[in-house]
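Open the model in your viewer and keep the sequence beside it. The stops below each suggest something to select and then say what is to be found there.

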Amino acid sequence: REGLLGKRPFQVHGAGTATRDYTHVDDVVRANLLALDSDVCDHFNVGTGRQADTNTIYRLVAERMGKPLEVEHGPDRPGDLMASALDSTKLQRVLGLQPDVSLAEGIARTVAWFLAQERSKARTRRQPPGAVRPPPAERSRHLRALTLYWRHRGPRRQARAATTPSR
């Protein structure tokens, strides 16, 4: 968090060439909601199938922050994979979901979220002792979507469970 906000050097393990499949939380939430609404009982990989290395992530974050962030390269962590990407073709075939938040857009949203959290903390710290903390100005879209979903879905599931004969 401090590295993202420029409060300390951004720490990269190794040379920054290890790759991962970065999937935005909105795509993961969409996949979970689709799975909950389907009659399919299976496991799925939720990913983009595209790899990005740590140096690319650093560069994209620095661009979104609008300033170069200091980076420290440390030793590789023991046991870390050098490359990882998920095959989500089964998810696409069975549930029809294809992740639609690109890496650049996902990083832009993440940086904006971190900055909003930092601003919210700064406002909270300025309040006089005993003051009531105001609710956050912005709630994450996925949290709001899940809340609305469960308000709608919960009673339906309970009604269905009540009418389903026990085994």
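Begin by selecting D76, which, at 52% relative accessibility, counts as exposed, because the cut-off for that word is over 50%. This residue is placed in the loop between β4 and α3, and, leaving aside its neighbours within four places in sequence, it is in contact with H13, G14 and A15. If you add V12 to the selection, you will find its C-alpha atom 8.7 Å from that of D76, although 64 residues separate the two along the chain.

**The whole chain**

Before going further, show everything, and bear in mind that this is a predicted model. The average pLDDT of the protein is 80, and 70% of the residues score at least 70. If you colour by this score, look for strand β3 (residues 52–53), which has the highest mean among the elements at 96, and for helix α5 (residues 141–163), which has the lowest at 58. A cartoon view shows five helices and four strands, which follow one another along the sequence in the pattern β-β-α-β-α-β-α-α-α. Of the 167 residues in the protein, 28% are buried. Among contacts between residues at least 6 apart in sequence, 85% join residues at least 24 apart, and several of the stops below show pairs of residues that are distant in sequence.

**Strand β1 and its partner**

Select β1 next, and compare its two faces: F10 and V12 lie on the covered one, while Q11 and H13 lie on the uncovered one. In a regular strand the side chains alternate between the two faces of the sheet. Now add strand β4 (residues 71–74), which pairs with β1 in the parallel sense over four bridges. To see one place where the two strands meet, pick Q11, whose bridge partner in β4 is E72.

**Helix α2 and the largest core**

Move on to helix α2 (residues 54–65), whose twelve residues reach 16 Å from the first C-alpha to the last, close to the 16 Å expected at 1.5 Å a residue. At its N-terminal end, D53 acts as a cap, with a side-chain oxygen 3.1 Å from the backbone nitrogen of N55. Just after the helix, G66 takes a positive phi of about 75 degrees.

Which residues of α2 are buried? They are I57, Y58, L60, V61, A62 and M65. Keep these selected and add F10, V12, A52, L69, I107 and V111, and you have the largest nonpolar core, twelve residues in all. The elements that contribute two or more residues to this core are β1 (10–13), α2 and α4 (103–125), and the largest share, six residues, comes from α2. A second, separate core has six residues, among them A31, F44, L95 and L97.

For a closer look at the first of these cores, centre the view on V61, which has a relative accessible area of 6% and is therefore buried. The C-alpha atom of V61 is separated by 6.5 Å from that of I107, though the two residues are 46 apart along the chain.

**Helix α1 and the loop before it**

Now select helix α1 (residues 25–37), whose 13 residues should span 18 Å at 1.5 Å a residue, and whose end C-alpha atoms are indeed 18 Å apart. The buried residues of this helix are D26, D27, V29, A31 and L33, and A31 is also one of the residues of the second core.

Step back to D21, in the loop between β2 (19–20) and α1. Is D21 buried or exposed? Its relative accessible area is 12%, so it counts as buried. Not counting residues up to four places away in sequence, D21 touches G47, T48, G49, R50, S84, A85 and L86, and a polar contact of 2.6 Å joins its side chain to that of T48. The C-alpha atoms of D21 and D87 are separated by 9.7 Å, with their positions 66 residues apart along the chain.

**A last stop at S88**

Finish at S88, which, like D76, is placed in the loop between β4 and α3. S88 has a relative accessible area of 5% and is therefore buried, whereas D76 is exposed. Leaving aside neighbours within four places in sequence, S88 is in contact with N45 and G47, and G47 is also among the residues that D21 touches.

Key:
Residues numbered from 1 in each chain as written. Heavy atoms only, no water. Expected span 1.5 Å × (residues − 1). Buried < 20%, exposed > 50% of the residue type's maximum accessible area, 1.4 Å probe, protein only. Polar contact = N/O pair within 3.5 Å; in protein donor to acceptor, adjacent residues only side chain to side chain. Core = buried A, V, L, I, M, F, W, Y, C linked by side-chain atoms within 4.5 Å. Pairing = 2+ DSSP bridges. pLDDT = per-residue confidence, 0-100. Contact = heavy atoms within 4.5 Å.
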